[in-house]
Amino acid sequence: MKPYGLLILSAAVLVSLFAPGDGALAAMSIDLGSQFIKIGLVKPGVPMEIVLNKESRRKTPTIIAFKGGERLFSEGAAQLSVKTPKSTFTHLLDLIGKKVDNPIVQLYRERFPHLATIIDENRGTISFPVGDVTYNVETLMAMILWNVRQITEEYAQQPVKDAVITIPVYFNQAERKALTKAAGIAGLNLLQLLTDGSAAGLNYGVFRRKEITEQAQTLLIYDMGASKTTATILEYRLAKEKNSNEKNPVMSTLGVGYDRTLGGLELSMRMQEHLVEEFKKLKKTKKEITENPRAMAKMLKEAERVKQVLSANIDHFAQIENVFDEQDFRVKVTREQLHEMMTDLEPRFIQPVMDALKMAEMGIEQIDQVVLMGAGTRVPRIQVLIQEFFKGKELGRFLNTDEAIALGAVYQAAHLSKGFKVMKFGVQELQIHPIQIDFTSFVGEQKEEKKMTRTLFGYKTNYPTNKKIISFTSHTKDFPFSVNYGSLAHLTEKQLTEFGSLNLTEVMVKGVTEAVEKEGADPASEFKGTKAYFFVDHSGIVNIDKIELIYERPSKIESVVNSIADKISGFFGSDENKEKVEEESSEQAAKEAENAEAVEAEKPKEEEHNKEEAKEEKAEEKKDEEVKTNETEKKNATETAKPVEAEKPKIIKVSLKVDKEQRDVIDLSDSESKRAIQRLADFEKAEKAKAERDAAHNTLEATLYDLSDKLESDEFSQYATKEEKLATRAQLDKVREWLEDEVTLETTTEEFKENKKALDTAASARSSTGNALRSSPICSRSSTTAKPSLLSRRT
């Protein structure tokens, strides 16, 4: 999308609701790739745009490095990846929310063997030792997200906390929770985890809103990123809003396919292997090059560059100075060789498309458009394979490969943020990992145990959802149940091994026994069971909202009738089918909450009203006694019955306690999260102090150079006396000598400021003829840029 398209959007799509000065208005999107991050921004006066980082680039490496107790991000960290590969971490998104025995974690350790790892025995995940500190994946990812926030706020010139982060569609519950935790540690207000296919599709739909009609249109997005390949089938149509005749576009995901480990990194690793083999053929070295982390980092960096160049050229030279053992390296690589390296991968390039079509239950001919995204799709051979599969159908590249996901997600961020109003565009995410409840029920007269399973959120349903309610009617004591994944038969064997645990959470419901003893003491009370409320939020995470025990105390008449009915039903039925799944609409939830809160307060009022009504009816009957007819008799009979019908049963709800035990990947504990937050705060404080010190140092040097130049100028000579010149020169020499001989890493910010103040005093020296330097152009100019350093900067 060209920049001018965004300007049109500002008037047509996005409208600020509040004053531009309110810093809380801004929101951002984070296209969180395993290799690069793209950031979108929306704020008053800036409808939607891509954030430029400190190097004025539109994408930022997803990398963090440590050196001398300091953190480096983005380009600075990327440069260190060759010099200090053992303390530089990238592709961390591939590790988040996974245990050490996951094949993807094992592949990561094979690709980056120089990184030391430690296994967290409690969580079963890996951590990285850096000096005397060990960092888990969530903390490192939080640092990267913190840096993203800093970049955004510096660019926006205001605080920005609201964020939508994009994720791969295949992320399971553990991965989503871990990333949510990292965002919280980074200080972000996470609005949503949005799948990258939906984000790209939203970007497509927003700018083609007028083309969407009641007739469904389909789009397949083939996205090959650094670590994964996905295919997403989307449908666009106009749909009528509830309780309104207004029609707005809705985008629904129909099917997805993916390969978690097939991406640009796999091609780069193969190119690296090729370069290493060529080096071994050409050069003889004393040691094995593969055992040297720096040499292998250089090879990988060059492999990445050559791979990119071969997308546009048929051949190119790979060359690295002093790659290993003081040996330079130069070799020619052709596109044909690159294609040969990936021959065995060709079926895998097509498989995600086939899986997406199968999930959507569609054929090739039902896809209206196919669009390519991701840097990996620039490889000519991959384009040919996709086009052949679609039988020559034109492949679109009308989505900006680098920015479509970030721009689609920032539109969603504006929609979810409180500070903006956008034109409605529905997004229906797809639940590809069904969720079910497993529990034990007691059935029949003998109360026999029976294993039960109830589907909560089914395969290919949409989220976010209304609350789903499970009613447990056979448990009168504390009881457990399990939240697990449902059938994953649609996944391949490889995908299942990469998926992780199929069990999510063991839940123990406590307080049932006590509540039954207390509320069931009244023989008129009827036990309605225990209700557990579940929902899937905007980020696709399953939540237990609350669990309540329900009792109902009916009116006296209802009590007698129900007692008889229960006894009769006991002869003919069982409790087996009472435990069921219900769906609660938002209106039902509000009404239920209102009734629960008001029932005790309303009952006395109802009884008083009934008494008054009865008195009025008796008076009316006496007055009309002489002219009573059959019609008035019916009327009086109906009116007399009203108070009985109006009497409502009392609903008693008792909130129950819940203990949870995770069965997949254990979340960071509260203490671990607080420790991570504190580490980020300590780094931020130290980095802020260093920035202030560097600024003071630069300002002093700039002032010193400026005064030195002006001291020799003719303009100064016209105003300054000989004594003033000598005094100023002496002060300059003193500060210069201090900078050259005494400044160390321990020199404080205040010392730089004091010397700057001494120079300012010298420049303000007065004589009988006036303020020489103040009147001179020397003091009419403000120097904000440091001249070349007087000494080698110690870092």
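Reader: Is Tyr236 buried or exposed, and what is its relative accessible area?

Author: This is a predicted model, and the answer is computed from it. A residue counts as buried under 20% relative accessible area. Tyr236 falls under that cut-off and is buried, with a relative accessible area of 1%.

Reader: How many helices and strands does the protein have?

Author: Buried residues make up 48% of the 795 residues in the protein. Among contacts with a separation of 6 or more, 73% are between residues 24 or more positions apart. The elements of the protein are 22 helices and 35 strands.

Reader: About how much area does the protein expose, and what share of it do carbon and sulfur atoms supply?

Author: The exposed area of the protein is about 40,200 Å². The share supplied by carbon and sulfur atoms is 49%.

Reader: How many aromatic pairs are found, and is the pair of Phe89 and Phe128 stacked or tilted?

Author: The search of the whole structure gives 19 aromatic pairs. In the pair of Phe89 and Phe128 the ring centres are 4.9 Å apart and the planes stand at 50°, so the pair is tilted.

Reader: Which parts does the pair of Phe89 and Phe128 tie together?

Author: Phe89 counts as buried at 1% relative accessibility, and Phe128 is buried with a relative accessible area of 1%. The parts tied together are 39 residues apart in sequence, because Phe89 lies in strand β8 (residues 88-90) and Phe128 in strand β10 (residues 125-130).

Reader: What angle do the ring planes of Tyr204 and Tyr236 make?

Author: The ring centres of Tyr204 and Tyr236 are 5.4 Å apart. Their pair is tilted because the planes are at 50°.

Reader: In which elements do Tyr204 and Tyr236 lie?

Author: Tyr204 is buried, with a relative accessible area of 6%. The pair ties together parts that are 32 residues apart in sequence, because Tyr204 lies in helix α6 (residues 196-206) and Tyr236 in strand β15 (residues 229-240).

Reader: Which residue lies over the face of Trp146?

Author: A charge sits over a ring if NZ of Lys or CZ of Arg is within 6 Å of the ring centre and within 35 degrees of the ring normal. One such case is Lys546, over the face of Tyr533 at 4.9 Å from the ring centre. Over the face of Trp146, at 4.4 Å from the ring centre, lies Arg71.

Reader: Which helix gives the most to the largest nonpolar core?

Author: In soluble globular proteins, nonpolar side chains tend to be buried together. Here the largest nonpolar core has 94 residues, and Phe128 and Phe481 are among those with the most contacts inside it. With eleven residues, the helix that gives the most to this core is α4 (residues 137-156).

Reader: How many residues are in the second, separate core?

Author: The second core includes Ala199, Ile212, Leu407 and Phe425. Its size is 35 residues.

Reader: Why is strand β2 described as largely enclosed?

Author: In a regular strand the side chains alternate between the two faces of the sheet. In β2 both faces are covered, with Ala27, Ser29 and Asp31 buried on one side and Met28, Ile30 and Leu32 buried on the other. Strand β2 (residues 27-32) is largely enclosed by the rest of the structure because its buried residues number six of the six.

Reader: Which residue of β12 is the bridge partner of Asp31?

Author: β2 pairs with strand β3 (residues 36-43) in the antiparallel sense over six bridges, and the two form a hairpin with three residues between them. With strand β12 (residues 162-167), β2 pairs in the parallel sense over five bridges. The bridge partner of Asp31 in β12 is Thr166.

Reader: Which residue does a cis peptide bond join to Tyr463?

Author: Most residues other than glycine have a negative phi, and most peptide bonds are trans. The bond after Tyr463 is cis, with omega of about 5°. The residue joined to Tyr463, found in the loop between β25 (461-463) and β26 (467-472), is Pro464.

Reader: Is Glu361 buried or exposed?

Author: Glu361 lies in the loop between α10 (346-360) and β19 (369-373), and its phi is positive, near 55°. At 65% relative accessibility, Glu361 counts as exposed.

Notes: Residues are numbered from 1 along each chain as its sequence is written. This is a predicted model: local features need pLDDT of at least 70, side-chain atom pairs count only at pLDDT 80 or more; totals for chains, interfaces and linings use all residues. Side-chain values use heavy atoms; hydrogens and water are left out. Rings of Phe, Tyr and Trp (its six-membered ring) pair if their centres lie within 6.5 Å; planes under 30 degrees apart count as stacked, over 60 as edge-to-face and the rest as tilted. Helices (H or I, at least four residues) and strands (E, at least two) are DSSP runs, numbered from the N terminus. Buried means under 20% relative accessible area, exposed over 50%, partly exposed in between (1.4 Å probe, protein chains only). A nonpolar core is a set of buried Ala, Val, Leu, Ile, Met, Phe, Trp, Tyr and Cys residues joined through side-chain atoms within 4.5 Å. Contact means heavy atoms within 4.5 Å. Accessible areas come from the Shrake-Rupley method with a 1.4 Å probe; for residues, only the protein chains shown count as cover. Two strands pair if DSSP finds at least two bridges between them.
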